[in-house]
Amino acid sequence: MTPFVRFLFSASITGLVVSTALAAPLVPAPDSLLAAARQAPSDTARARTLLRLSAWYQSTDSARTRQYAQQALHLARQVASRPLEAAAWLRLGEGYQAHKRPQLALDLCQRALVLFAKLGDADQQGRCLYTLGRAQLSLGQYAQARAVFRQELALWQQAGNPRRTAEAYARLGESYGYNDATASEGLPYLLKSLKMAEEGKFPTVMLSVLRSLVSVYERQDDFKRALGYLRRELQVARDLNDPEKIGGAHIALGLLYQQDEQDSLSAMHLQAGLNLLQPRTAPQLDYEKGVAYYTLGELTAKKPGAAAAAIGHYRHAAALFRQKEGLGQQYVSTMTVLALFQLGQGQTVAARKTLAEAARTAPAVFYSVEGSYDVLAKVSAANREYADAYRYQQRYQGLHDSLFNEAKSQQLAEVTTRYETQEKEEKISALQRATALQHRTRTWLLAALAAVLLLSAATYWRYRRERRARREVQAKEVELAARNQQLLHTEEQLRRSLDDKEVLLKEVHHRVKNNLQVITSRLALQGQEPRANPLVRAALRDIENWVQSISLMHHMLYQSADLASVAFQPFLEQLVTQMHRTFAGGGAGTVTCAVHAPAVRLGSSTAVPLGLIINELLSNTYKHAFANGRAGHVDISLAPEPAGGYSLRVYDNGAGLPAGFSLAATASLGLRLVHSLVRKLKGTLAVKQPGVGTEFTLMFQEIE
């Protein structure tokens, strides 16, 4: 989901929350409510006033929201008022949902829903279902949330309330927008809601639905339709003469034009929106104003000589995000972008101060965001503090890997949830069919029993024996079903265990590759020492090539689907590229390489020694066959043999081997290593000079 879609989507949900009749009504200022609570003539009146106080603080003070709702719940239980108790449970649930604690909100609203259902209060049931659906969306339970919104829709349809029916259609359509893959599935519900809102003249509902439609079409890269619906939203807001909604529409237009790279139109609409919203201090507007200032900062940063203005816009955005509860992530991201911009302007001291301010203001968020360490590393490097830069870069890499694995685990959990939900729905359907069949069977049995009783006592006893036998069969069926369920549970445990081991093995390959890369970097740095002996430097480069070859193999195994084998065509291509980078500018001329190993996959036990052999042969080719700027061509081919095993051919058209060269008698450390690896592969290595150049041929068997 792009930042633009997130803004549109959050704005559409917020718009519906503000417009819906289910939301808590506006209440007087807290001072007058506190006075009313103290002077209330009864506990019942005091509980109602406390609930209104809880609603007042919902968007600004989560502690007071819960405090007053809990006091109201205590009083409601004292006076044994079921309606007030249900209202207090619901108020608590709404408070927890507003302050991002959806699991608690889910439990509390379910309690309230049970009580309101017993009381027959449809309005409050709809309010409970609305909050339940939002809590499930926050928990990522999208299928369950859509089921709740369908239940709410059926409730309002049965009540014959067109406005709330339109709102329920909108919520159902918007619930598909939490996943890019399902966003378009919500279009029919959104269009139905828009039609009902137009017919019923519900402008606030229209604004929310139009914003959701813009979000869907932006995901589909349909700029024309998205722009059309957004202009329509602006017109509806102007008809309402609501400055906040007009300003929000202008900001959304500015973001859409920025997506389409129309910077001048984007800046014009963003500024128009800020002009309308700036005098207004409502906390719910801080996010919209912050996004507008941030985007203006991005646009201004592109202009030459406008650095001060861009920094000012970023500062405005950060200040707005900082003062709004729940926007710590946006605040830290804005400050890191500002630090990067300052660093690009050569303001290294200012960049360091910006990062320090962000870390001091929101330490928990700052040190949990991987980008913070990346920016800290860049700022430290710009100040020539290389040890700090290296430490920050290591933390960034570690956090990046952890977040990557967490995202993988989350994707697996989502797939598992969808599978389990589908399985449960199928079981429920089967149980319903079985219940209906059982009901029909019971009716027939009762009729048969009456007939048997009328016929004779003998037939009655015969029927008793048949019923006993039927019960035994049912008991057997229950026993079989229990065993089948146990087998399914065992199978699921085995599958999860296999998935865990696969993830662990991938992590092992990944970390081995990272450790080898650290070793390679250390060898490269050691080899770049000015005082290093040339022979030592060459030896270090050879060792670096060996380690890089092993690291590349682990990287390919980590990327491989089955983790046990690797496709050799892409491995050889990356190895050749790596060797070319290593020897470019080191005396070798322009050398081209051709690789041919289609459909060859080898296990890791075979692939690692074979990769080292190819690495050593290629290294010798660059150093000796194409020395002194000589250009040429290298051909590498790997193919299975008809009689079994594989053949590797490495040919170059370079200078050739020296006179009297003997492969068996060579004193080269590299070729001795090649001989050792060939023995490990139970293979044979031959060399010949076909007129021009040199050709090595290796025949080997795959190690089981």
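A salt bridge is counted here when a side-chain nitrogen of Lys or Arg lies within 4 Å of a carboxyl oxygen of Asp or Glu. The structure described with this definition is a predicted model, and a search of the whole of it finds 19 salt bridges.

## Salt bridges

Side chains of opposite charge can pair when their charged atoms come close. One such pair is E357 and R322, whose side chains meet in a salt bridge with a distance of 3.6 Å from N to O. This pair links distant parts of the chain, since E357 belongs to helix 18 (residues 348-361) and R322 to helix 16 (residues 307-322), with their positions 35 residues apart in the sequence. The relative accessibility of R322 is 42%, and R322 therefore counts as partly exposed.

A salt bridge within a single helix is found between E94 and R91, where the closest N and O atoms are 2.9 Å apart. Both residues lie in helix 5, three residues from each other, which is about one turn of the helix. Are E94 and R91 buried or exposed? Both of them are buried.

Two strands are involved in the next case, in which D635 forms a salt bridge with R649 and the closest N and O atoms are 3.0 Å apart. D635 lies in strand 4 (residues 632-640) and R649 lies in strand 5 (residues 646-652), so the pair ties together parts of the chain that are 14 residues apart in sequence. Salt bridges that share partners extend this pair into one network, which joins D635, R649, K688 and E695. D635 is partly exposed, with a relative accessible area of 21%, and R649 also counts as partly exposed, at 28% relative accessibility.

The three salt bridges described above are set out here with their closest N and O distances.

| Acidic residue | Basic residue | N to O distance |
|---|---|---|
| E94 | R91 | 2.9 Å |
| E357 | R322 | 3.6 Å |
| D635 | R649 | 3.0 Å |

## A positive patch on the surface

Charged residues also appear in a positive surface patch, which is formed by R465, R468, R470 and R471. Of these residues, R471 can be placed in helix 22, which covers residues 457-527. R471 has a relative accessibility of 52% and counts as exposed, because the cut-off for that term is over 50%.

## Cysteines without disulfides

How many disulfides does the structure hold? It holds zero disulfides. C109, for example, is in no disulfide, and the nearest cysteine sulfur to its own, that of C128, is 5.8 Å away. Seen from the other residue, the sulfur of C128 has its closest cysteine sulfur in C109, and the separation of 5.8 Å is too far for a bond, because a disulfide requires a pair of cysteine sulfur atoms within 2.5 Å. C109 counts as buried, with a relative accessibility of 0%, and C128 is likewise buried, with a relative accessible area of 0%.

## Positive phi angles in two loops

Most residues other than glycine have a negative phi. A80 has a positive phi of about 55° although it is not a glycine, and E261 has a positive phi of about 60°, again without being a glycine. Where does A80 lie? A80 is in the loop between helix 4 (62-78) and helix 5 (82-98), and this residue is exposed, with a relative accessible area of 65%. E261, for its part, lies in the loop between helix 13 (243-259) and helix 14 (263-277), and E261 is exposed as well, with a relative accessible area of 69%.

## Pairs separated in sequence

Two further residues can be located by their distance to a partner elsewhere in the chain. Q235 is in helix 12, residues 223-240, and is partly exposed, with a relative accessible area of 41%. Q235 and I246 are 11 residues apart in sequence, while their C-alpha atoms are 8.3 Å apart in space.

Y169 is in helix 9, residues 162-175. This tyrosine has a relative accessible area of 13% and is buried, because the term applies to values under 20%. Y169 and E152 are separated by 17 residues in sequence and by 9.3 Å in space, from C-alpha to C-alpha.

Conventions
Residues are numbered from 1 along each chain as its sequence is written. This is a predicted model: local features need pLDDT of at least 70, side-chain atom pairs count only at pLDDT 80 or more; totals for chains, interfaces and linings use all residues. Side-chain values use heavy atoms; hydrogens and water are left out. Patches are made of residues with over 30% relative accessible area and no salt bridge: like charges are joined within 9 Å, nonpolar side chains (Val, Leu, Ile, Met, Phe, Trp, Tyr) within 5 Å. Accessible areas come from the Shrake-Rupley method with a 1.4 Å probe; for residues, only the protein chains shown count as cover. Lys and Arg count as positive and Asp and Glu as negative; His and the chain ends are not counted. The place of a charge is taken as NZ of Lys, CZ of Arg, CG of Asp or CD of Glu. Helices (H or I, at least four residues) and strands (E, at least two) are DSSP runs, numbered from the N terminus. Buried means under 20% relative accessible area, exposed over 50%, partly exposed in between (1.4 Å probe, protein chains only).
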